[in-house]
Amino acid sequence: MKIDQIILTHVRVPLTEPFKISNGEITEKDAILVGVHSAGLVGYGESSPMSGSFYSEETPESAWDCLVGELIPRVLQSHPANVEEVNNLMDSVAGNAFAKAGVETAFWDLAAQQEHVPLYKRLGGKRNQVEAGLAVGIVPSIKDLLQSIEKHLVEGYKRLKIKIQPGWDVKPLSEIRRRFGVIQLMVDANCAYTQADLSHLKSLDDFDLMMIEQPLPKDDLEGHAKLQAISRTPICLDESAKDIPTVQRAIEMKSCRIVNIKIQRVGGLLNAKRMHDVCAQAGIPVWGGTMPELGIGGAQTVHLATLDNFKYPTDVEASHRWFVEDIIVPLIEVHDGMITLPEGNGNGYSLNAEVIGRYKVREQQFR
Ligand code: MG
């Protein structure tokens, strides 16, 4: 494949409200957009780690350095012919999954455009709509929590997920059940508990949750297996599900009954699709998580979530849920809890140059 140029654009968009999870808080969303130009077409990817030590070890700065110093030069030198070759090329660099996802997903978008099909069809999906779930971070008070849920739930989101941590679990869940009744509800702890908390975590069975996402540290597959053995509630792995061998080991150990697949965490769409296939073969349903990414990355997750074994609502939300402005046209919208992909080849969403101009931090071209 002849690559005419690659353009990296680092943007920073303010959030509509602070996003707080058990191990960090952010008020702005950083993303590096990767534009791969080839014969009049441009495929776009997004490399989307959060700033600071939030969720992953990667940061926008480390991703930028890896893209500029390693990934882009390798791509330009080796002219990969297809997404499999791009994926192999990414494997030649250790770690840096978020940086790799930006490059690899751009080539998927480009490939789908070249073949005149929407990205979801190129991935093997058969539907152009997916269910969306609402996620609410850790907020200062129960009153703030209920207000935030009420404000966003009117768009019909198919389930509610709240972030929990020790001291912020039973009380908010009790209040949510009291106010919102039998709503589909799940929790995400982002690794905040330890094996000392197993009986406490088991007591969350009382709330009839869809799942408990990543209660224990990411390397503690054994602890997750112990918890799953005593809990009625399915355990879902997120941070632990870093690659396919780890997911296979988690399934063998019965550490989970559900897996959250994030394109960023696994380094691109091919790895995500392979993880989906491995889980499907083992009878483990999956769903599509987010960082959340801006619109390019969010839309890619919606495309991916059209695959058969994505059985639960995605974390992708409407563009206006988190971002003061999103960088895509059209915006991602949720109607009656559903996101419908636009017609068109590739990702189907275009970049909004005016918005990007407002939030651009830096840009660099490579030939
Ligand atoms: Mg999570």
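These are numbered notes on a predicted model of a protein chain with a magnesium ion.

1. Overall make-up. The protein chain holds 14 helices and 15 strands. Its radius of gyration is 20 Å, close to the 21 Å that the globule rule gives for 367 residues, so the chain is as compact as a globular protein of that length. The C-alpha trace spans about 60 × 40 × 35 Å along its principal axes.

2. Burial and surface. Of the 367 residues in the protein chain, 60% are buried. The accessible surface comes to about 14,000 Å². Carbon and sulfur atoms account for 50% of that surface.

3. Contact range. Take the contacts between residues at least 6 apart in sequence. In the protein chain, 72% of these join residues at least 24 apart. Points 4, 6 and 7 give individual cases.

4. Magnesium site. Which residues supply the protein donors of the magnesium ion? They are D188 (OD), E213 (OE) and D238 (OD), at 2.1 to 2.3 Å from the ion. Along the chain the donors follow the spacing D-x24-E-x24-D. D188 and D238 link distant parts of the chain, 50 residues apart. D188 belongs to strand β7 (residues 185–188), while D238 lies in the loop between β9 and α9. D188 is buried, with a relative accessible area of 1%. D238 is buried too, at 0%.

5. Helix α8. This helix covers residues 221–230. Its buried residues are L221, G223, H224, A225, L227 and Q228. What do they pack against? Their partners are α7 (198–202), β9 (235–237) and α9 (244–252). Strand β9 and helix α9 also flank the loop that carries D238.

6. F323. This residue sits in the loop between α13 (319–322) and β12 (328–329). Is F323 buried or exposed? F323 has a relative accessible area of 6%, so it falls under the 20% cut-off and is buried. L15 is 308 residues away along the chain, yet the C-alpha atoms of F323 and L15 are separated by 4.7 Å. Neighbours within four places in sequence aside, F323 is in contact with V13, P14, L15, T16, K29, P292, E293 and L294.

7. G288. Strand β11 (residues 286–288) contains G288. G288 counts as buried, at 1% relative accessibility. K262 is 26 residues from G288 in sequence and 6.0 Å from it in space, C-alpha to C-alpha. Residues up to four places away in sequence aside, G288 touches N260, I261, T301, F310, T314 and D315.

8. Q113. This residue lies in helix α3 (residues 97–114). At 16% relative accessibility, Q113 counts as buried, because the cut-off is 20%. Which residues does Q113 contact, leaving aside neighbours within four places in sequence? They are L41, V42, G43, N345 and G346.

9. Rings and charges. A search of the whole structure finds one aromatic pair. Two arginine–tryptophan arrangements can be listed as well. The charged end of R159 sits over the ring of W287, 5.3 Å from the ring centre. That of R321 sits over the ring of W322, at 3.9 Å from the centre. W287 is in strand β11, the strand that also holds G288. R321 and W322 fall within α13, and the loop after that helix carries F323.

Key. Residues numbered from 1 in each chain as written. Predicted model: local features only at pLDDT ≥ 70, side-chain atom pairs only at ≥ 80, totals over all residues. Heavy atoms only, no water. Phe/Tyr/Trp six-rings, centres within 6.5 Å; stacked < 30°, edge-to-face > 60°. Lys NZ or Arg CZ within 6 Å of the ring centre and 35° of its normal. Buried < 20%, exposed > 50% of the residue type's maximum accessible area, 1.4 Å probe, protein only. Helix = DSSP H or I, 4+ residues; strand = E, 2+ residues; numbered from the N terminus. Contact = heavy atoms within 4.5 Å. Rg over C-alpha atoms; globule rule 2.2 N^0.38 Å. Areas by Shrake-Rupley, 256 points an atom, 1.4 Å probe, with all protein chains shown as cover. Donors = N, O, S within 2.8 Å, 3.2 Å for Na, K, Ca; no water.
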